[in-house]
Structure formats: structure tokens, C-alpha cells
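User: Hey, can you walk me through this one? I'm new to reading structures, so plain words please.
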Amino acid sequence: MDFSAILSQFPDLYTLAGQFFVGMSRAMILFVVAAGLTVVMGVLRIVNFTHGTFYMLGAFIAFSVAQWLGGSSGFWLALLIAPLIVAALSFVVESTLMRRIYDQPRLMQLLLTYALVLAFNDLIKIVWGVHYKSMANPIPGSISLGGATLPSYNLILLAAGPLVALGLWFFMSRTMMGKLCRATATDREMVDALGINSKQVFASVFVLGCYLAGLGGTLIAPTTNIVIGMGMGIIINAILVVVVGGLGNVWGALVVSFIFGIGESFGVLFAPRFALVFPFLIAATLLMIRPSGLMKSVW
Amino acid sequence: MSTLFARFTEAKKILLLLLILAALLVMFFIPTFLSKYSVYLLTVILFTALLATSLNISLGYGGMLPLHQAVFFGVGAYAAALLLNKSPLPPWLSFLAAPLVAAGVALVIGTVCVRLRGLYFGMMTLAMGQLVWAIVYRWYEFTGGDDGIHGIAVPQVLRSIPAAYYTALIVFSVCLLIIYIILNSPFGIALQAVRDNHQRCESIGINIRHHQLIAFVLAGFFSGVAGVLFVILERSVSPSLLFWTKSAELLIMVLLGGMFTFLGPTFGAAVIIVLGVFLGVITEYWLLVLGTVLVLLILFLPQGVLGFVKEKISSSAPERKGVDKYAQG
Amino acid sequence: MKMKRNWLILRGLALLLVLLIGFSLVGGCAKPAPPQDQSKGAEKPVETVKVGVIDCYTGAATTYTYDALDGFKLALEEIKEEGTLGFNIEFVTRDDEFSPDKSLNWAKELVMREEVDLLAGIINSAAALGVSQYAKEEKVPFLVWGSMSDKITGEAGHRYVFSMLPNTAIIGRSGAIQMSSMPYTKYFLAGSDYEYGHSVVNNFWENFTEMKPDATKVGELWWPVREPDFTPHISTIRAAKPEVVIVGTGGADMVPFLKAVNSTGLNKEVKIWVHTATDLSTLKPLGAEAPEGIFGTNPYHHYFPDTPENKTFVEAFKKAYGRAPAAFALNGYIAGHSIAGALRKLDTFDKEKFIDALEGLTIDSPVGPVTIREYDHQIISPMFFGTTVKSDEPFLVAGDIVTLSGKDVIPPVEKIQAKRK
């Protein structure tokens, strides 16, 4: 075997550093979406395809809010307002539709959320039209990090992931509401018997999850193209992250997001034509090793 | 036992049999009095119905949650296409081999998946299925990549629409009969018992994984057969056949028809396809309509249309517990 | 009790819905009304030619498909208004949801049930190739105005298919021709990991290395379609220290790619060529955030060429649809006028004669005369090579535009012949 030939094929340090940031960046975007989903799937036990739609709605609403306000401060206000609007919308969806199917078979719930995806796609087309939307980057420019250049805005993305994770962890383990959520997930009848309205808990969790989806959409909006169907691309990966990471386990979702992001970006280096395969390969492998998720379901 | 016919008395059974024969007779003469397009659409309905019925083997009867059945359809179609175009095998052998390839893929995926329960099972099928999709989508040299394969060398005799229709009709009837027999065989009854109460079955010594795997592979095989029918009719394949949204469409069909009835998936497939064509002609927002119909259906008719009818004719309570029970994760 | 009654009413409604579906099912299997044969009247009325348009009108590709459709509609309006054509052109549209098997379903519905005379549209390459195969078997003329795959009029070409827009072979060649006059030697190849991306880059590189044998490739990078964030890829490209980056990415990925280029300032260090980087569909959403100095090829700009023909077209388009036309609008517009141009040569409609009339047809268009090449049915239209610059408008435009003549950028017939062997 000719080792020098193999060695010369091996990418240099710059490339590796570059691919590392590819992975980190992807992981963070994936995580912000998956974090909300893992809460919903953990407590409500619903495979929520609509989550991707709320992510997309977040981006569209952020675009409109920023455009309406104008100026460079537009984005920061959108970051505040858009996820709240998404949360309000999700409350309407929860109280009119979701609430009725909590006792239905899993497949029904799954298909209901899928039906909403179909309907919302067309509704977004009616409201926002068919042309590409793009939002101005609030902090243009870039910084140098160990030879690799990183856009300043990506620092926000990189920070958003851990912040969301910490916030969720604090909410779930340190607040009364969070404890109620966990209790409801574990034993709903018991919570009801204690005189606590489990339906209200479910509603709050759903709204919280969708708020995070909207936040993800808003955060990604300045770096990407806001387009109908942008949720379809990310939702399958996000669902896999949640299941592989352990339902409801925020840290599990974080770890698996990293594995997905880094695995995919380094996979590109070695088998570029099959980059698409890596997330699924990783998910299948991890599920085979740990059939009920990488980390314990915290509930 | 929860098949549609089992509840009826002998006399009614004979009546039903006569009805089915009459329906087949009508179906046989359809190309003589319906338009060419209607015959084409019926062919589409036939292979889609077979596909939906095969999904129901593992979903409705097996109590599993196969979220990505379309993969086996796509693998069957691709196998037929590649064997016809690239191998020296005679066409009929290619047609026979393709469903076996699909069953083989189902065996591999199934072996991995049956170790898991409920939602995890579903997610595993989704991940493995998307894996197969990604390979088909990118393996340019072998599968034609995202451009697909077109102008597949289907034998000349099968190329007309009536020929494809008769092939589909015969294959569909035979396959449905076989599936019906399997589901009412001791194996099928054990499978439904596993679905309904899997602890009890384990305690009396039924090998649950074994039964579920067989059901999964059978479902994969018949999906592969549907894939072959697709190739005969369309002579063109592309990776979208294996994409997860295709599987979602199938689940909708099964749900619409009723997943605990034998003919429900067939009914659901027919309705979705016909609705898709006729609403698609009228409006560009057909998916909005489909989404709304689906929401209404889940809220008000969760047992599906045939399930609802069945509930009305038979006084006994509906059986719709299986899937949920094993979907507890 | 009231709950229960409501429930019953809702159930009734659901049942009604099911009945409705049942009726449409019955309707579906019934024979459609026989088409009115208008040519058999005592006094011959105007013959109608029906065009069946199939395209993706759901999801990400709609930016382009609606532009193309509006261009086509505008052409038909103009033809009607002018009133000298002996035919009446009608059209119907079908949404294939970017799914090739659905495109084929619709193609068959349009030909068999709707009984259209021509097929048109389709942005998805696999779908266009599949429908092209069907068009060949059914002998129905099919005008592609969406997919840029060079296979359509290349190795998979036949008598019944026409390409109304520059394909990847032309795109790659255009880029190569203009770039070969530049002094750079180190090139990096990158793109979206699907057929269009690879095809554009391969065609470029094939032509380019012929024209400039001393060019070297310093690296290659392929990212998945619908990459949400491109910024990190830029580091990889930068690390290879190229002088020029050749990019094959299209559709929805263009906007985030150019954003990443802008925010990392890659455009200030290296030259970048991307097809349609200078297109309105890309630059308008980007606004002031588009990077300057990007090389782009594009078949059409609403401000160039600065001719009366183009101005008239742009004014008419703006008046009809309230926006300026982007590149795809031209595809549909040319398709509409080409159909009319071919029909002018006919007395009664006949598919074979229509194809004969379309072969070698030259029509006037907003970008000057364009011709449908007789041999492979590929449209010969000019390509515009430009650089992104700031403008008076709130978005960037193409500057320093060089017009590459259609005859130069289209691969010679011999190359197509070689491919078809």
C-alpha cells in the first residue's frame, strides 16, 4: 500500500478547521429547532411535523416585521416579536386542533401535524407570495478564528444554541412550571388527580416548543433564503435528533446535533457524493446501539 | 379477527364473493367502454391500492409503525428498471426478481427495526428509508442519480395502456387474495394477536419479533410488486418515489380508508388519487384542500371511511387499539 | 347533551364530505365529454391550439415557475391583441409539486383527457426527462422552459422535445469563453451536490481546459442542496487559496450562498463565477446585501440590452404583473411567441407540421433575434456576462455587461451528435 498517497489525500489543517465550523454552525441551527421539538415530543408524545412549519413561519414573520420597522434595528425587534407571534399562532392551533387528538393513536397525531404542514404551505404562499425573501444581516463583517474566517453573525448562532439549552434546562428543572411539565409527561392521570389541569400544561408546552421553532426561524433568517418549504428540509433531521438524543432530553438533542453536524461536514471530505447519507447513517447506527435514545428520556 | 368478511354468515359470504366476482367482471370489460385516460387512472389506482394494502399488513394488522413504506415501492421499481435496462435477464425474470430485491431490503431494514418498539421503530424505518433514498439520489453511475431513469425497456406487448391495466388488474387481484389468505392464516391471526396484546402473546410462546419481521418483509415484497407495476405503466423512475413525503401520502390513504379493514387502503388510495386529479385540475391549492379534509377526517372520522361503514353495519364495538398500544415508545 | 349533538352534526358533515369524494370518484371514471371538433363547421371558425403547462407551483421553485408562466401569458395576450394569428392559443396549468411521477401523471392527463396539442414547462430535470420520453412516444411536441439539463436536447434529445432556455452545456461554455480571457490560473470548483450543479461545473471545466490548458484545479467542494448556511464552506474554499471559484449552484441556494460570500468578504479576495448571480430573482431579495464584483452569466436583464424591444417588453410585463421580469420570464415569453411563429406557417394545426415549422424558426425577442436550432431543438439566444455593481435601485445589478452571441456559446452540432451515439 502506498501510504504517502493516502496521506497526501488527507485534508490539511485549514480544511479540517473549516469543516469543523461547518459542523458547528449546522449543529447549532439544527439544535435550536430540535430543542423546541424535544420538549413537545417529550411531554406531549406527538411527532410534530408542524414544528418545521412554525420554524418557517418564524422566518417569514421576522422578515415582515423587519421590513415593516425598517432600519438596522429591525432584526433585533423581529427577534423579540416574531417568535411571540408564532407562539400566539401555535396557541390557536393547539386550542382548536391539537387538544382534540391527545387521546388518539400516535399515527393520527402524526398525520394531523402533517396535514397542517400541507395546509400551511399553501397559506404561506397566499399570504407572502412566491418570490424569495431575504433579510438584512444585522451585524455584517467577519472575524478570524485560528486561520478560518467566521462571519460575526455566526457567533450569535453559536451562542444561541448553548443559551437555549441552558434556558430550557433551567426552566425544566428549576421552575414550578417545568416540574409540572415533567410530572405530566410521566404520569398524566396522577397530575389530573392532584387537581392540576394537565391540558393547560400540554398547551403551555406546545406553545413553548413552537416559540423555540419561531426563534430558530428568526435566527436563521438573516443567513438564508426565506422560501416556502424551508421547514421540510430540516424537520426530518430534527425529529431524528430528538429521537436519537432521547425524547425530551435537551442535552441529548444538543449532543446529537453536534454529532450530526460534525459527522456530516467531515463526511463531505471523505465521500463527497454521499454527504446526504450521513445524518441517516448516524441516526440508524446510534439507534442500533442505543435503541431508546442516546441519553435517557429525562421524564 | 377483524377482517371485513369474517363477521358475516355463510350466506352473506357467498353474496359477497359474488359481488367481488361481479366487480372483477366489470373491471375486466372497463377498457371497452371507458376512456383511455380513465383506464390509465384506474391502473394508477390499482398499483397504489396494492401499495397501500401492503403497508396495512404491517401497520393495521401487524401493529407496527412503518413510517417509510414507499422505500420498498421505490426499490422494487428501481430494481425492475435496472434489471430491464442493464441485465441480460429476460424481462419476466426481472419482474419476478424486483419484488424479491424489495423484500431483501425489507429484511435488512426489518431486522434492525423489529428490535425497537413504537415510535422508535417508526423513526428507525424513517432513518433507514431516507438512507436508501439518499443512496439512490446520489449514486449517479448506478441509479442515474436525481435525473432518474427514463425510457425503461419494458417488453413491447406490455406498453399499451390496456395491457398495463390488465397486468395490474390480474396482479392486484392475485396479490390481494394472497394477502387476504395470509392474514386469515394461523400466522395472520397470531400477528393480530401480537398487535392486540403483545405481553400475553409473549407469555404463551409466540415469537413476536419473528412474526413482525415476516409481516414487514411480506409488506416490502408486495410494495415491490406495486413498484414493478409502476414501471410497466410509466417506464420512468426517479428518486422522488422513495422520498418520505411519498410515504406520508400512503399513510393518508390508509388512514382515509380505515386501517383496520381489509379493503380500506384500496378505497383510500382510489379516493386520494381521484381527488388529487380532479381538484388539481380546478385549483392550484389542492394541498390546502387535502390538508383541510385530512384534519376534518382525523377529528371526526378517525376510524376511516370503511371503518365507519363497518362500525355501522356490525353492532360490535370498533377495534382500533392496536397501533396505539404499541406506539407507546 | 349539546356536545353530543354537535358531534353528530360534525359526523354528518364528515359523511357528506365522503359522499362528495365518492361523486368525484364516479365522475373520475366516467368518460369525459367528447371534445368539440371545431374544424368541421360549415364556416370554419378559428382553430384552437391548446397548450398543457406542467410545472412546480408549490414550494421553493415557484419564484422561477411563476415568472416563466407570466412571461408565457404575456406573450399570448400580445398575440391575441395583435389579432393576425389564424389560431387561438389556449392553455391550462397543472402543479406537479416538484415530483417527477406527478409530472408524468399530469402529462398523461393533459394528453389523454384534456387533449392538449402541446406540452410545456417543467423545472425539475428528472420530470422534464420523463415527460420528454412520453412526448416522444405519444408524438406530442414538448417545449421545456424550466429545466436546464443538457440531456434534454443532448443525449436524450428527439424530434418532439424543444428547449426554450440555455442549458447547462451552454451555461458552462459561456462562462468558460469569457473567463478564459482573464489572467488567472488557479481554480476552485464548487457547487450543489445534484445534477445541475455538477453539470454546470463539468461543462465549464471541460470547455475551459480546452481553451486554457495551463489552468489548474486547486480544490473541489460539493454541498447538499438546501444548505441552510454557507458561511462555513467559505473557509474551506479560502484555505485552498484559489484565484477564481467556479460555482454551480442554483435556485433557492443562490441567495444564502451570495450572502455568505458577502459576510465573509470572499468576493474581495478571489473572483467568483456563478450562473444567474446577476439575475433579478437573486439580487432583488438580497437588496444591498449582495456582494459586489461577482461574475455572473444570465440570459436576460430587464435593463439590458437597452433596446426599444426590451423596454416595451419590460413595460408590458410591469403593467400586467406589477414587477420587472427576471430571466425565467423571458423563457416563457419566447416559448409563447415561438409557438405563434410556428403556427403562422400553418393553415391547420398538425403536430408534425408544427414541429417542422418550429425547427430553425427565428423570432424577434427582447434580447434580439433568437433561433431554434434545427438539429437538436435547442434555442440559440445570447448570454450576458456581467459583474454585480451598485445601482440607483435598492438592489445590485449587472455592470460591464458583455454580450456573448448565441452562436458562440452553443456547443457545435458535432458535439451533440457524438453524445447521441
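Analyst: Sure, one definition to begin with: a residue is buried if 20 or more other C-beta atoms lie within 10 Å of its own, exposed if 12 or fewer, and partly exposed in between, with C-beta atoms placed from the backbone. Helices (H or I, at least four residues) and strands (E, at least two) are DSSP runs, numbered from the N terminus. The buried residues of α12(A) are F278(A), P279(A), F280(A), L281(A), I282(A), A283(A), A284(A), L286(A) and L287(A).

User: How many residues of α12(A) are buried, out of its 12?
Analyst: Nine of the 12, so to speak a mostly covered helix.

User: And what covers the buried residues of α12(A)?
Analyst: The cover includes α10 (230–245) and α11 (250–270) of chain A, together with α5 of chain B.

User: Before we go on, is this predicted or what, and how do the numbers work?
Analyst: This is a predicted model: local features need pLDDT of at least 70, side-chain atom pairs count only at pLDDT 80 or more, and totals for chains, interfaces and linings use all residues. Residues are numbered from 1 along each chain as its sequence is written, while chains are lettered from A and ligands numbered from 1 in the order in which they are written.

User: What pLDDT does chain A average?
Analyst: Chain A averages 84, and 91% of its residues score at least 70. pLDDT is the predictor's confidence in each residue, from 0 to 100. Over residues 1–9 of chain A the pLDDT is below 50, and that stretch has zero contacts in the model beyond near neighbours in sequence. Two residues are in contact if their C-beta atoms, placed from the backbone, lie within 7 Å.

User: Back to helices. How far apart are the end C-alpha atoms of α9 in chain A?
Analyst: They are 33 Å apart, which agrees with the 33 Å that its 23 residues (198–220) should span at 1.5 Å a residue. The expected span is 1.5 Å times one less than the number of residues. 19 of the 23 residues of α9(A) are buried, so the helix is largely enclosed by the rest of the structure.

User: Is V127(A) buried or exposed?
Analyst: V127(A) is exposed, because it has 10 other C-beta atoms within 10 Å. V127(A) is found in helix α5 (residues 106–128) of chain A.

User: New topic: how many residues of chain B are in contact with chain A?
Analyst: 36 residues of chain B are in contact with 37 residues of chain A. α5(B) gives the most to chain B's side, with 12 residues. By class, that side has 29 nonpolar, four polar and three charged residues. Here Ala, Val, Leu, Ile, Met, Phe, Trp, Tyr, Cys and Pro count as nonpolar, Asp, Glu, Lys and Arg as charged, and the others, Gly among them, as polar.

User: What about chain C and chain B?
Analyst: That contact takes 35 residues from chain C and 34 residues from chain B. The largest share of chain C's side, 11 residues, comes from α1(C). Chain C's side has 15 nonpolar, 10 polar and 10 charged residues.

User: Tell me about chain C itself. What's in it?
Analyst: Its secondary structure comes to 15 helices and 15 strands. Buried residues make up 56% of the 421 residues in chain C. The domain assignment gives domain 1 (47–166 + 306–381) and domain 2 (170–298 + 383–409); such bounds come from an automatic or database domain assignment. The C-alpha centres of domain 1 and domain 2 of chain C lie 28 Å apart.

User: Any odd backbone spots in chain C?
Analyst: Some background: most residues other than glycine have a negative phi, and most peptide bonds are trans. F98(C) has a positive phi of about 65° although it is not a glycine, and F98(C) lies in the loop between β2 and α3 of chain C. I122(C) also has a positive phi, near 65°, and sits in the loop between β3 (118–121) and α4 of chain C. The peptide bond from F304(C) to P305(C) is cis, with omega near 0°.

User: Why does I122(C) count as buried?
Analyst: Because I122(C) has 32 C-beta neighbours inside 10 Å. I122(C) is also one of the residues in contact with V131(C).

How values were computed
Lists of a residue's contacts leave out its neighbours within four places in sequence.
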